Amino acid sequence: MQERSSVSELANSLRAELNRYSPGGKLPSSRALVERFRVSPVTVSRALARLAAEGLVTTRPGAGAFRAPARPGTPPPGDTSWQEVTLSADASAEPVPRAVDASGVLVTLAEPAPGVIEFNGGYLHPSLQPEQAMGAALARAGRRPGAWGRPPVDGLPELRDWFARGIGETRTAAEVLITAGGQSALTTALRALAPPGAPLLVESPTYPGMLAIARAAGLRPVPVPVDAEGVRPELLAAAFRASGAKVFICQPLFQNPTGAVLSAARRPEVLRIAREAGAFVVEDDFVRRLVHEDAGPLPGPLAADDPHGVVVHVCSLTKATSPSLRVAALVARGPVLERLRAIHVVDTFFVPRPFQEAALELVGSAAWNRHLRSLSTELTNRRNTMTAALRTALPELALPHIPAGGYHLWLRLPDGTDEQAVVSAALRAGVAVAPGRPYFGAEPPAAHLRLSFAAVAGAGQITEGVRRLRTACDGTLGR
């Protein structure tokens, strides 16, 4: 976080000084900038690269950085108002409009303003990422013979085998497709399994990205409530009967946002209900590698208990590593695999081979298991810190479930609370939180917040963030 802030500050300073130099004029040397601004050479290099990307400076190896030539005048903007008519006319013929509200996704991807504590992030803070191990893996991968050649469209056999073994002995590499991240895999799965206009059963609440994928594909999300033991089987069966849906998408392990784990008693029920409905279950196993120290033995994926091809399984390396390591697996059995493969190939051709080779190098190294152990300890400590701080400073916010895995807590606000007012007040107080409304496919039963403890620098920021949230709630909840 500090490095990113320094780069932005230096880039802003240099941008403000560019008028001192004529077009083509040379800027101070990197060494001079390091001494003047008291930053690292890496920060200087990144700041100059940012200005070069903006077209404000040019860099010449061995010569330095120079102010770019003056740009020609900006042409007047065109008239794009015709698009509003065309897009609206197109939507009128669709069973379900494909216009998508991406705000629930963007809130977890947006870069926070300087000084804002990020409780709404969806990825690990850089201090939790295995940056050295990933860098070493990428360097080794780049030297592998053929590393820059075209990979098999299904993915490298060794990587497919690694993902298959992660599910269990019932799965093989032949049933695995390598995809560019879990979101891409889920998109492929829904396009393959349900035609536009079809109903799609989703957990309620659920990950906003899931709802966004469904709506972008023209599907109709049908919410099925979740409790502390996961999706409720009797309501799932009723939803299949009432809607005629042929797909149910779920997160059985550390569900987002509730953190619930599908209970042992309900697991076979879910598979039985789906099979009797002639339907698929898309299993998003997104945080299996973000387990906490007190979790105990984890249940295996639903796919491990499914010999009949009911489950289409998705798992990814991204959450446990870096948002930029977008390597995931899409696993299926039977004729549906060929349909998934066809859509995947048409959409993306293949995942770049260097990323696949780097993923293999990473998960095959001794550093991988060390990273997972360290991450488990750190996530446990952060969860405990946030839980204790909330119970002390904000006892009026209900915390019905403390998860033993994942990276966030799901809080219920007091009845009658204006959820958006709390979110806005929190941002003004210097802490970004995720509102609960985007997690519901229909009207929510209450106001909620989701707080991430993985996207911040450490325990100190967690404590300070809860203090700022207390300040925001003083003006919106009362005491």
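The following paragraphs describe a sheet, a helix that lies across it, and several salt bridges in a predicted model.

Because the model is predicted, local features require a pLDDT of at least 70 and side-chain atom pairs count only at pLDDT 80 or more, whereas totals for chains, interfaces and linings use all residues. Residues are numbered from 1 along each chain as its sequence is written, and side-chain values use heavy atoms, with hydrogens and water left out.

The sheet is open and has eight strands with mixed pairing, in the order S4-S11-S10-S9-S8-S5-S6-S7. Helices (H or I, at least four residues) and strands (E, at least two) are DSSP runs numbered from the N terminus, and two strands count as paired if DSSP finds at least two bridges between them. The edges are formed by strand S4 (176-179) and strand S7 (230-231), each of which pairs on one side only. In general, strands of a sheet pair through backbone hydrogen bonds, either parallel or antiparallel. Strand S10 (residues 311-316) and strand S11 (residues 328-331) run antiparallel and are joined by four bridges; Val314 stands opposite Leu330 in S11.

Helix H9 (residues 208-216) lies across strands S5 (199-204), S6 (220-227), S8 (247-250) and S9 (280-284). The helix runs at about 160 degrees to S6, where axes are lines fitted to C-alpha atoms, for helices over the stretch in contact (heavy atoms within 4.5 Å), and angles run from 0 to 180 degrees between N-to-C directions.

Across the whole structure there are 27 salt bridges, each defined as a side-chain nitrogen of Lys or Arg within 4 Å of a carboxyl oxygen of Asp or Glu. One of them joins Glu361 and Arg140 at 2.8 Å, N to O. This pair links distant parts of the chain, with Glu361 in helix H13 (residues 353-363) and Arg140 in helix H6 (residues 131-142), 221 residues apart. Glu361 is buried, at 16% relative accessible area, while Arg140 is partly exposed, at 31%; buried means under 20%, exposed over 50% and partly exposed in between (1.4 Å probe, protein chains only).

Asp294 forms a salt bridge with Arg383, with the closest N and O atoms 2.7 Å apart. Asp294 lies in the loop between S9 and S10, and Arg383 in helix H14 (residues 366-393), 89 residues away. Asp294 is partly exposed, at 47%, whereas Arg383 is buried, at 4%.

Arg467 and Glu464 also meet in a salt bridge, at 2.7 Å, N to O. These residues are separated by about one helical turn because they are three residues apart in helix H16 (residues 459-474).
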